[in-house]
Amino acid sequence: MDLVAKYQGVVGRVFRNENSGSSEDSYVERLLDRISNGVLAEDRRAAMLELQSVVSESHAGQMAFGAMGFPVILSVLKEERDDFEMVRGALETLVGALSPIGHAKGPANEVQPTLMNSDLLSREVDNISLLLSLLSEEDFYVRYYTLQLLTALLTNSPQRLQEAILSIPRGITRLMDMLMDREVIRNEALLLLTYLTREAEEIQKIVVFEGAFEKIFSIIKEEGGSEGGVVVQDCLELLNNLLRNSASNQVLLRETMGFDQLLSVLKLRGTTYKFTQEKTINLLSVLETINLLIIGGPETDPGRDSNKLTNKTVLVQKKVLDHLFMLGVESQWAPVPVRCAALHCIGDLIANHPKNLEELASKRLGEEPDLEPALNSVLRILLRTSSKQEFMAADYLFKNFCQQNPDGQTMLASTLILQPQSMIHAPVEEDVNMSFGSMLLHGLTTGENEGDVETCSRAASVLSHVIKGNNQCKEKIQKDTPYIRENGHAGLCCCFCDKIKKSEVLSTLFFG
């Protein structure tokens with residue numbers, strides 16, 4: 001057969017050397033003969049079970065199977081479709097032939113049987129077409145082992161399998177149909193599609209055309225949203241594969257399903273302080289999805305900027321800020337990576353977007369009657385957190401709020417009023433009733449009095465964002481803020497130490 005002939009050189013060399021005449025070689029040959037020429041059905045099935053065991057447990061057995069086994073096994077799949085037991089055995093044998101055996105790797109130049117067998121099976125498009133046709137069989141195990149076999153092929157020969165599936169009519173459609181199958185089948189198909197769509201743009205487009213978004217969110221809902229396990233993780237990974245480098249897929253999601261179902265995954269349910277590892281991973285994956293929408297697509301896409309602007313607008317209109325502030329600010333029991341990712345998303349959503357900046361400036365957190373400006377809450381986190389990453393995420397938010405936003409800078413600068421002397425030495429916990437500017441100056445003065453260089457540095461960083469590139473704000477601070485006016489550059493240097501003097505913060509405060 002041509003399939004084996006193409007590998008005759010490699011396989012021949014292997015078996016002519018040390019493996020020629022080996023027990024595994026002859027044993028596999030006898031089993032294949034019983035399968036191919038046996039008269040009794042039970043004997044043929046028994047031989048298939050023995051072959052399956054050999055190729056799944058023996059490196060030499062895998063090599064021997066690659067040399068002579070494919071014609072026989074493929075013939076079973078083509079001609080004996082009514083004998084589900086034989087078809088199952090054939091598929092399990094192929095899975096074993098393509099699956100690495102758990103032992104130490106041999107020399108780098110040694111022929112790897114799993115790679116060789118994968119190459120043999122995927123070389124002919126007709127073989128892939130045959131496997132995809134098996135997904136229409138009624139037998140559960142036939143569909144299950146077929147998906148496992150396709151996943152093994154994709155692991156070992158990704159490009160060839162992608163090209164083959166694209167060339168087969170309704171190839172992707174058959175895989176997508178498996179998402180509506182029984183749970184075990186669905187999960188295998190989901191994993192396979194996740195691998196298939198990582199870098200294959202054409203496959204991504206077809207998967208979306210075949211209704212991937214609807215199926216993904218249906219599974220996520222069925223599995224419990226962010227509370228779900230690995231299945232939800234796979235769904236979100238598949239979703240992100242489809243959106244990562246495709247502005248057109250993002251537009252399709254926005255204009256067909258919208259973002260409501262995506263944002264519902266961010267909504268905390270039940271006991272909000274309980275964050276399992278699975279829930280944390282799921283939330284981080286959804287935050288990555290939000291980030292992909294904010295990016296808008298690849299840099300080379302001419303419609304990227306327009307798509308980015310529209311995505312930002314729609315996301316904020318759909319109240320994404322409520323979910324992000326719940327994760328990043330109000331749920332301080334949330335894991336640090338989740339809080340940081342949420343704050344970073346807020347910073348990206350408001351960057352160079354006037355309407356979203358206004359939305360953030362007017363946003364209040366908490367419950368009546370104890371509402372406070374959202375920016376105050378973020379500043380409190382920035383000054384108090386023990387996590388450097390969380391400080392950087394909050395600082396990034398303020399940087400984006402102030403950048404090219406003179407009205408926002410002026411609003412924050414107008415609150416820079418030093419508290420009465422009695423409040424200067426007050427504990428930081430009492431800043432809850434302070435204005436934004438008073439809290440900021442309290443951080444500076446408390447840091448100076450108590451030698452807290454870190455708090456001074458953080459407060460100065462935010463202050464630099466407030467006045468950067470805004471002469472009006474600088475003049476107001478020099479005129480109306482006694483602490484800055486009286487201490488000046490030298491006073492700040494004294495309290496900030498060498499590390500802070502070298503930073504850009506001071507140059508921005510007085511010269512930037």
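Which residues of helix α23 (residues 354-362) are buried? The views below take up this question and others like it in a predicted model, in which local features need pLDDT of at least 70, side-chain atom pairs count only at pLDDT 80 or more, and totals for chains, interfaces and linings use all residues. Residues are numbered from 1 along each chain as its sequence is written, and side-chain values use heavy atoms, with hydrogens and water left out.

**View 1. The two sides of helix α23.** Asn 356, Leu 357 and Leu 360 are the buried residues of this helix, where buried means under 20% relative accessible area and exposed means over 50% (1.4 Å probe, protein chains only). Because these buried residues cover an arc of only 105° around the axis, they lie on the same side of α23; the arc is that of the directions from the helix axis to the C-beta atoms. Pro 354, Lys 355 and Glu 358, on the other side of α23, are exposed. Helices are DSSP runs (H or I, at least four residues), numbered from the N terminus.

**View 2. The cover over α23.** Among the elements that cover its buried residues are α20 (304-317), α21 (320-330), α22 (336-350), α24 (374-384) and α25 (388-402), and contact here means heavy atoms within 4.5 Å.

**View 3. The buried side of helix α11.** In α11 (residues 158-167), the residues Leu 161, Gln 162, Ala 164 and Ile 165 are buried, and they are on the same side of α11 because they cover an arc of only 165° around the axis. What covers them includes α9 (125-134), α10, α12 (171-177), α13 (183-196) and α14 (201-209).

Terms used. Helices (H or I, at least four residues) and strands (E, at least two) are DSSP runs, numbered from the N terminus.
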